[in-house]
Amino acid sequence: MDATSPTPPPGPAPPSGRPPRSARFAEVLRLAVAEGLLGEERPLAGFLDADGIRESADALRDAFAAEPGVRVLHTFAAKAASLIPVLRLLADCGMGCEVAGPGELRLAVEAGFAPARIVLDSPAKTRDELRLALALGVAVNADSFGEIRRIEGLRSPGSASVLGLRVNPQVGGGSIGAMSTATATSKFGVALRDPGARDRVVQTFVERPWLTRLHAHVGSQGCSLDLIAAGIAETYRLAEEINGVLGTRRVTGIDIGGGLPVNFDDDETRPAFAEYVAALRSAAPGLFDGRYDLVTEFGRSLLAKNGFIGARVEYTKDAGGRRIALTHAGAQIATRTVFMPDAWPLRIGAFDGEGRPHGGPPMVQDIAGPCCFAGDVVAHARELPELREGDFVVLYDTGAYYFSTPWAYNSLPRPAVYGFAGETGSLRFAPVREAQSLDSVAAESGLRHAGALTGLHGRP
Ligand SMILES: *Cc1c(COP(=O)(O)O)cnc(C)c1O
C-alpha cells in the first residue's frame with residue numbers, strides 16, 4: 001500500500017480508452033459536489049460506475065469464453081452489492097445471481113433474474129426457504145448431509161431446481177482467516193478429507209439420482225489463485241470419481257464459487273479473470289472439456305473497483321501530536337476496514353470543498369468516522385494533503401461489501417448510492433438507493449412498539 005501519495009497513482013487505462021479509474025472518479029466527485037449529491041446536508045454517499053460494471057462482466061465472460069468447449073453460467077454473489085438496480089444491470093449483462101438467504105432471493109427475483117439463473121447457497125436454509133426455492137425452480141446447493149435429507153423430504157419429482165452439494169476440499173486458508181472457507185474446520189460444506197466423508201459423498205450421489213451438481217467456494221479476499229484452483233481441482237476429481245462409480249455422467253455441473261481477490265493498492269485490476277482461468281486450466285484441464293457445465297459466483301472482483309465512497313470532512317483536530325480528520329465515513333459503511341485495518345486497508349483520496357483533488361504537501365493524518373467508539377478510523381497515520389473542514393475524502397475500491405452493506409451502529413442512516421455513466425463532459429448520475437430518512441430509522445428501531453415495555457409488568 002502506497003501511503004505517501006496524495007492521490008492514487010494512475011494505473012493503466014481501461015480497455016475502453018477512458019482515463020484510469022481514479023481520474024474518472026475525480027471527475028465524478030467534482031460533478032457530484034457541483035450537483036449537490038455531496039455537501040453539507042448530504043455528507044456521505046456511495047457511487048457506482050455502471051460502465052465499469054459492464055466492462056467487468058464482459059471481462060469475466062470473455063475470460064471463460066476463451067475456453068470454447070464449456071458452457072458457463074456466471075452468477076453474481078448478491079451479498080457483494082445487494083442493490084436491486086445493480087442486480088438488474090448484471091442481469092442485463094447476461095449474468096445470473098447467487099443468493100444466500102430469503103432477503104437476497106427476494107432481491108434477485110425483484111431484479112428480474114429467471115429462477116433457472118439463480119443459485120441458493122447458505123449454511124442454514126430453513127424448510128420454508130427450501131420449499132420456496134424448489135417451487136420457484138431455483139438451483140440449490142445443499143451445505144450438509146442434514147440438508148440433503150431435508151431436500152429429499154421436500155422436493156417433488158417435477159421440481160425444476162438443479163440440486164447440488166457443497167463440499168469443502170480442505171485445501172487450507174489464505175491470509176484472512178474470516179475469508180477462508182476451505183480450512184479443516186470451516187463451517188461450510190461437507191469436509192471432504194474427514195475420515196469416511198468422501199465415500200459418504202459418493203454414496204449420497206449413488207443413492208440420489210436427483211443430485212447432479214458439486215459446489216465449492218474455496219475462499220475470498222486473501223486466497224491465492226493457486227489455492228482456489230487446487231480446491232476446484234479437488235472438486236473436479238470428486239465429480240470424476242462419482243461418475244466413475246456410477247458408470248454414467250450423473251454429476252453434470254460444477255459450481256466453482258467466486259473468491260477472486262481484488263487489488264486494493266492501486267487502480268489496476270489484478271489478478272484478471274483470465275489469470276484465474278489459466279490457473280484453473282493448469283490445475284484441472286478436464287474442467288473445460290465440455291463434460292461439465294460450470295457455474296461461477298464472483299462478487300468482489302466484479303464490483304469492488306467500480307465503486308467509491310465520498311465523505312465530507314466535518315471537523316479536524318489535533319490529539320497527542322496526531323492530526324485527525326473527522327469525516328462521515330466510518331464503521332457504518334467500512335465495517336471490515338475499521339475492525340481489521342491491516343487486512344482491509346483502503347486507498348484514500350483528498351479533495352477540496354469543490355471536489356477538486358487537493359494539492360499541497362502531505363501530512364500524517366487519521367481519517368476518522370462519525371461512530372462513537374475509539375476504533376472508528378478508516379485510515380491510520382496516512383500521509384495526505386492537509387484536510388480542512390468542508391473538504392471531501394474518497395475511499396476507493398469500495399464498490400463491493402462497503403456502502404451496499406451498511407451497519408446500523410449509532411442509528412446512522414444508510415447513505416444514498418448513485419450510479420454514473422458516460423465520459424468527461426457527458427457524465428450522468430442515476431439514484432440507486434435513497435439516503436435513509438430519520439422516519440425510517442425510527443420505524444426500524446421499534447417506533448410502532450414505543451410503549452411496549454413500559455406497559456409490560458412482570459409483577460402483578
Ligand atoms: C461470498 C460468496 C461468494 C462471492 O465471493 P467473492 O469473494 O465476493 O467473489 C461466492 N460464493 C459463495 C458461496 C459465497 O459465500
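This passage describes pockets, cavities, salt bridges, a surface patch and some backbone features of one protein model.

The structure is a predicted model, in which local features need pLDDT of at least 70 and side-chain atom pairs count only at pLDDT 80 or more, while totals for chains, interfaces and linings use all residues. Residues are numbered from 1 along each chain as its sequence is written, and side-chain values use heavy atoms, with hydrogens and water left out.

Open and enclosed space comes first. Both kinds were sought on a 1 Å grid over the protein atoms alone: a cavity is a set of points where a 1.4 Å probe fits but cannot get out, whereas a pocket is an open set with protein on both sides within 12 Å along at least five of seven lines, and lining residues have an atom within 4 Å of a point. Grid points are joined across faces, edges and corners, and a volume is the space filled by probe spheres set on the points. The largest pocket holds about 570 Å³ of space. Its lining counts 29 residues, with Lys79, Arg166, Thr181, Phe188 and His217 nearest the centre. Two elements, β10 (293–298) and α10 (300–303), give two or more residues to this lining; such elements are DSSP runs numbered from the N terminus, with helices (H or I) of at least four residues and strands (E) of at least two. By class, nine nonpolar, twelve polar and eight charged residues line the largest pocket. Here Ala, Val, Leu, Ile, Met, Phe, Trp, Tyr, Cys and Pro count as nonpolar, Asp, Glu, Lys and Arg as charged, and the others, Gly among them, as polar.

Across the whole structure, the search finds six cavities of 30 Å³ or more. The second largest cavity has a volume of about 70 Å³, and its lining is made up of six nonpolar, three polar and two charged residues. Among the lining residues are Leu260, Pro261, Val262 and Asn263, together with Arg270 and Pro271. The peptide bond between arginine 270 and proline 271 is cis, with omega about 0 degrees. Proline 271 sits in the loop between β9 (253–255) and α9.

Two further backbone features stand out against a general background: most residues other than glycine have a negative phi, and most peptide bonds are trans. Aspartate 397, although not a glycine, has a positive phi of about 60 degrees, and tyrosine 401, also not a glycine, has a positive phi of about 65 degrees. Aspartate 397 lies in the loop between β16 (392–395) and β17 (416–421), and tyrosine 401 is likewise placed in the loop between β16 and β17. Aspartate 397 is buried at 2% relative accessibility, and tyrosine 401 is buried at 15%; buried means under 20% relative accessible area, exposed over 50%, and partly exposed in between (1.4 Å probe, protein chains only).

Charged contacts come next. A salt bridge is a side-chain nitrogen of Lys or Arg within 4 Å of a carboxyl oxygen of Asp or Glu, and by this rule the count comes to 30. In one of them, arginine 71 meets aspartate 293 at 2.8 Å, N to O. Arginine 71 is in the loop between α2 and β2 and aspartate 293 in strand β10, so the pair ties together parts that are 222 residues apart in sequence. Arginine 71 is exposed at 60% relative accessibility, whereas aspartate 293 is partly exposed at 28%. Proline 68 is found in the loop between α2 (50–65) and β2 (72–77), and its C-alpha atom is separated by 8.5 Å from that of glycine 290, 222 residues apart along the chain. Proline 68 is exposed, with a relative accessible area of 75%.

Arginine 291 and glutamate 240 also form a salt bridge, with their closest N and O atoms 2.8 Å apart. This pair links the loop between α9 (273–283) and β10, where arginine 291 lies, to helix α8 (residues 225–246), where glutamate 240 lies, 51 residues apart. Both partners are partly exposed, arginine 291 at 29% and glutamate 240 at 30%. A further salt bridge joins aspartate 318 to arginine 323, the closest N and O atoms being 3.0 Å apart. Aspartate 318 is exposed at 53%, while arginine 323 is buried at 13%. Elsewhere, Arg198, Glu234, Arg237 and Glu241 are joined into one network by salt bridges that share partners.
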